[in-house]
Amino acid sequence: MGIRRPAVSTAVAAALIGSFGVPLVAGTASAKDGVATVREDFNGDGYQDIAVAAPGATVGGHARAGYIAVSYGSPQGLDPKSTKVITQDTTHVPGASGDNHVFGYAMVSRDLDGDGLTDLAVVARDYRPESNVNGSVTVLWGRKTGLSGDGAVSVGAPANAQVGDDLTAGDFDGDGYTDLFMGNGDEYDFHDVLYGPFGRNGAPTRTQQVQVYSTDNFINSTATGDFNGDGVEDLATFYVYENHAEGGKLWLGSKTGLSTVPQRLNSAAGTAVADFDRDGYADLATRVFINGDTEGTEEDPGTVKIYYGSASGPSQTRTQTITQNTAGVPGVSEKGDQFGGRLHAGDANGDGYPDLAVGVPGEAIGSKARAGAVVLLKGAKGGLTGKGAQAFHQDTTGVPGAAESGDVFGAALRLLDLTGDGKADLVAGAPGENLGSVVNGGAVWLLRGTATGLTASKSVAENPTDIGAPAPRALFGANLSDDNGAGVVIP
């Protein structure tokens, strides 16, 4: 009999959102992903799209029910007029909004049914007493008209189940179809791999159980990528227990699916994956738990460590450590900066080498504590360096708005090409942004990619009032589709 780990109750989910303990979704890349391709395109128009969560929003009178806002790419970038809001009360979406459901708690955007359009899997933490199920994963199907509730289905959810924990996407058997890894039952030592393609009824082609736990701990982060260059994506899981980090495990993918005997990895607070040096192996970028201590990360200056891929997986000898004290990196490492609080990879300058966006949500801008910033580290033949690194925040000339204490700009971020020019743009969230008298309404920004990196020129912002959505304490921008990180505390 396995060791039973406590489920994440709705009360705990509420507490997490209250302190902004954001859920974790894997960074993902394979060896062929040196140059970004359009694969987050919900309406099939050739522009990448982004889903933004507002997990703290009140919907239909239900506190922290949450909603998501889907923004479609265009030459102009984000456009509030084309942004669509979806809740659990949207027509045909399974279930209904409720207190502490935090719809959008985690999101994965991948083509699940193999029709060439990106679908969106959305996690909520709702408890359904009639089936004793805690949590749900709702799939919104990509359509030429964009995402809606039409045909939406629930994935997983057997009886007596904790559903949707650690939701992660990858192609773990190399057949070209997306698979989902997640908690999906009452076997508490195990998670399921649901192999695609998925039917429109939500059923996977087949299911594999993986014993991810061998002791009493919890998965705090995941990552997927072809780390050993064999053409099949692998899965990394990372663990914590109480106040200490407990390392990680690498589950190699194969033509028959995930291996059941893992390799040992070092701990990670958050991850991003890309082939930064274009050598054919996916590399793993991580935020480091200093001295293995998982408590007090909000006081940590922040350290990013990269494990470069090799024929045996992420190398333990070819590594690189970057902080704000690294030559070329803007700023200085200071208590509470949280450099690496969010990580995501993409090719912002179009040179073929992926770059790394690093959230610094605790960065003070002048006297404004925890206003937040984002640093872009650029990929090159030898890997990531501080050379040419850029920093942006709300007081950067050209960025809409102004930095304020507690905004935590960079608490969520993605690099993806919304403008369709072949260069990844930065989408950055500031869930602590106040909208006039509305506290913690939140907002997101888009900064364009150019041949020299990111630019604030022509940058745009979007917030709940722009799209006619609930704003008070919505934490809009707390989580983005396929985002990943260790969580940021809103003061």
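In which sense do β10 and β11 pair, and over how many bridges? The legends below take you there step by step, using a predicted model.

**View 1. The whole chain has one helix and 31 strands.**
Let us start with the overall picture before zooming in. The chain holds 491 residues, and buried ones make up 60% of them. Take the contacts between residues at least 6 apart in sequence: 57% of these join residues at least 24 apart. The accessible surface of the chain comes to about 16,500 Å², and carbon and sulfur atoms account for 50% of that area.

**View 2. β10 and β11 pair in the antiparallel sense, over three bridges.**
Here is the reply to the opening question. To find your way, look for β10 at residues 168–170 and β11 at residues 179–182. Thr 168 is a good landmark, standing opposite Phe 181 in β11.

**View 3. β11 also pairs with β13, again in the antiparallel sense.**
Strand β13 covers residues 190–195, and three bridges link this strand to β11. One pair to look for is Leu 180 with its bridge partner in β13, Leu 194. Now check the two faces of β11: both are covered. Asp 179 and Phe 181 lie on one side, Leu 180 and Met 182 lie on the other, and all four residues are buried.

**View 4. Asp 173 sits in the loop between β10 and β11.**
Is Asp 173 buried or exposed? Its relative accessibility is 6%, and the cut-off for buried is under 20%, so Asp 173 counts as buried. Which residues does Asp 173 touch, leaving out those up to four places away in sequence? They are Asp 179, Tyr 195, Arg 206, Val 232, Ser 254, Lys 255, Thr 256 and Gly 257. You have already met Asp 179 as a buried residue of β11.

**View 5. Four strands form an open sheet with antiparallel pairing.**
Follow the strands across the sheet in the order β4-β3-β2-β31. At the edges stand β4 (84–86) and β31 (479–480); each has a single partner strand, so one side of each is left without a neighbour in the sheet.

**View 6. At one edge of this sheet, β4 pairs with β3.**
Strand β3 spans residues 67–71, and its antiparallel pairing with β4 runs over three bridges. Which residue of β4 is the bridge partner of Ala 69? Look for Val 85, which takes that place.

Technical notes
Residues numbered from 1 in each chain as written. Predicted model: local features only at pLDDT ≥ 70, side-chain atom pairs only at ≥ 80, totals over all residues. Heavy atoms only, no water. Buried < 20%, exposed > 50% of the residue type's maximum accessible area, 1.4 Å probe, protein only. Contact = heavy atoms within 4.5 Å. Pairing = 2+ DSSP bridges. Areas by Shrake-Rupley, 256 points an atom, 1.4 Å probe, with all protein chains shown as cover.
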